[in-house]
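Me: I would like to go through this structure by question and answer, with the terms made explicit along the way.

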Amino acid sequence: MTVAIGINGLGRIGRSLTRIVAAMPHPGVEIAAVNDIAPTEKLAYGLRRDSVRGSFPGTVTARGDYLVVNDHAIRAFHHERPERIPWAEHGVDVVIEATGRFRAGSTARKHITHGGARKVVISASADDPDAFLIYGANHASYDPVVHDVVSPASCGVNALTVMAKVLLDRFGLRSVNTSVILAAQGWQRVQDAAVDTSRDDPRLGRAGGESIIPHNYVVGDLVRVALPEIGEMRYSYYCVPTPIGSLAELSGQTGRPVTAEEVNRAMAEAAAGPLRGILAYDPDPTVSIDVKNNAASCLFDPSGTQATADGGVKVRGWFDNEWGFSNRLLDLACLVGERLPVGSSRVSWSVA
Ligand SMILES: NC(=O)c1ccc[n+]([C@@H]2O[C@H](COP(=O)([O-])OP(=O)(O)OC[C@H]3O[C@@H](n4cnc5c(N)ncnc54)[C@H](O)[C@@H]3O)[C@@H](O)[C@H]2O)c1
């Protein structure tokens with residue numbers, strides 16, 4: 001079965017999704033349509049040339065209303081509001097909402113009620129989705145009857161959750177404290193700006209290339225949605241000027257004293273077993289750029305593991321904030337697209 005997806009927003013995440021699908025690691029996915037306020041020619045250029053990932057390994061052209069990626073023609077729409085995008089006309093089953101503008105479940109749901117898609121995956125820590133589904137932790141709780149708009153939370157939450165899952169399952173885990181150091185984001189400014197900054201913190205408008213900037217609005221405690229057993233947790237996020245490659249650190253208290261070797265062995269076993277593809281393990285000394293194009297949610301770094309005699313443990317993982325997360329978005333799109341409720345049909349498209 002092929003799941004036809006539509007992507008709203010062909011920015012960093014939308015372009016990563018397109019490159020991943022073109023490279024075919026998800027053979028059951030086809031991009032049927034995209035929507036972005038930018039003209040098709042600019043979308044094609046943005047896919048051909050990428051300052052971080054390099055030139056597209058294939059061909060991308062704009063042809064009328066279509067974006068042609070290799071030999072595959074993708075209908076390109078240019079609507080500003082989700083309710084105007086006629087996804088159903090191009091057979092879209094699942095919309096990946098990746099503009100960053102429509103993170104509220106109620107707005108993203110318009111891709112279904114007005115656009116005629118059947119499911120929506122929001123590419124961010126959404127405000128009120130039907131479910132947060134984090135791959136490797138709670139994605140099996142997906143219920144096709146009641147979950148129409150889902151979110152995998154954020155890239156940082158995914159990296160933290162897979163490490164927390166292993167520590168929780170193997171050793172017990174509580175009193176969790178996390179930090180995420182996030183690579184530069186597209187909404188950041190090159191020079192200081194006072195208006196149109198993301199959220200209501202003036203620091204988020206400061207020149208992104210010059211500072212480590214605290215980002216208090218990223219919802220770090222969503223790790224608890226997937227793993228409620230870990231209880232209350234503390235968290236912090238910072239944006240840094242590196243172009244790609246981010247870091248997640250997690251510390252906590254285990255149920256019994258453990259050694260760093262035991263923790264590393266547990267992570268290596270999970271990476272080779274139940275979390276294969278979601279958690280990766282690499283003992284080679286790593287810096288952030290090394291994780292570029294890694295498809296896992298987290299590349300575990302055993303050199304960062306510390307353990308204390310009273311059961312305290314600290315672990316470190318790297319993640320490609322675009323590529324790893326985009327792979328999880330596609331995993332989720334497959335999950336929801338392959339399990340559409342029997343008898344469900346597209347609603348007819350209407351323009352609000
Ligand atoms: N970049 C990352 O590392 C990353 C990682 C995880 C999650 N996310 C989340 O994914 C979302 C997108 O992030 P991004 O980095 O791709 O952003 P981006 O700014 O690179 O891309 C956004 C795209 O949406 C388009 N757009 C803007 N308004 C639109 C509208 N009204 N209708 C249609 N298209 C519109 C823009 O033209 C742009 O192409 C955000 O919510 C972000 O928090 C980003």
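Me: In which handedness, left-handed or right-handed, does H1 pass H8?

Reply: This is a predicted model, in which local features need pLDDT of at least 70, side-chain atom pairs count only at pLDDT 80 or more, and totals for chains, interfaces and linings use all residues. Residues are numbered from 1 along each chain as its sequence is written. Helices are DSSP runs (H or I, at least four residues) numbered from the N terminus, and a crossing is left-handed if the near helix is turned anticlockwise from the far one by less than a right angle, and right-handed if clockwise. By that convention, the crossing of H1 with H8 is right-handed.

Me: At what angle do H1 and H8 pack, and is H1 roughly parallel or roughly perpendicular to H8?

Reply: Axes are lines fitted to C-alpha atoms, for helices over the stretch in contact, with angles from 0 to 180 degrees between N-to-C directions. H1 and H8 (residues 323-338) have axes 9 Å apart and an angle of about 70°. Because angles under 35 degrees count as roughly parallel, over 145 as roughly antiparallel, 65 to 115 as roughly perpendicular and the rest as oblique, H1 is to H8 roughly perpendicular.

Me: Which residues in H8 do Ile13, Ser16, Leu17 and Ile20 in H1 meet?

Reply: Two residues are in contact if their C-beta atoms, placed from the backbone, lie within 7 Å. On the H8 side, the partners of these H1 residues are Trp323, Ser326, Asn327, Leu329 and Leu330.

Me: How far apart are the centres of domain 1 and domain 2?

Reply: The bounds, from an automatic or database domain assignment, give domain 1 (3-153 + 327-338) and domain 2 (155-321). Taken over C-alpha atoms, the separation of their centres is 25 Å.

Technical notes:
Helix = DSSP H or I, 4+ residues; strand = E, 2+ residues; numbered from the N terminus.
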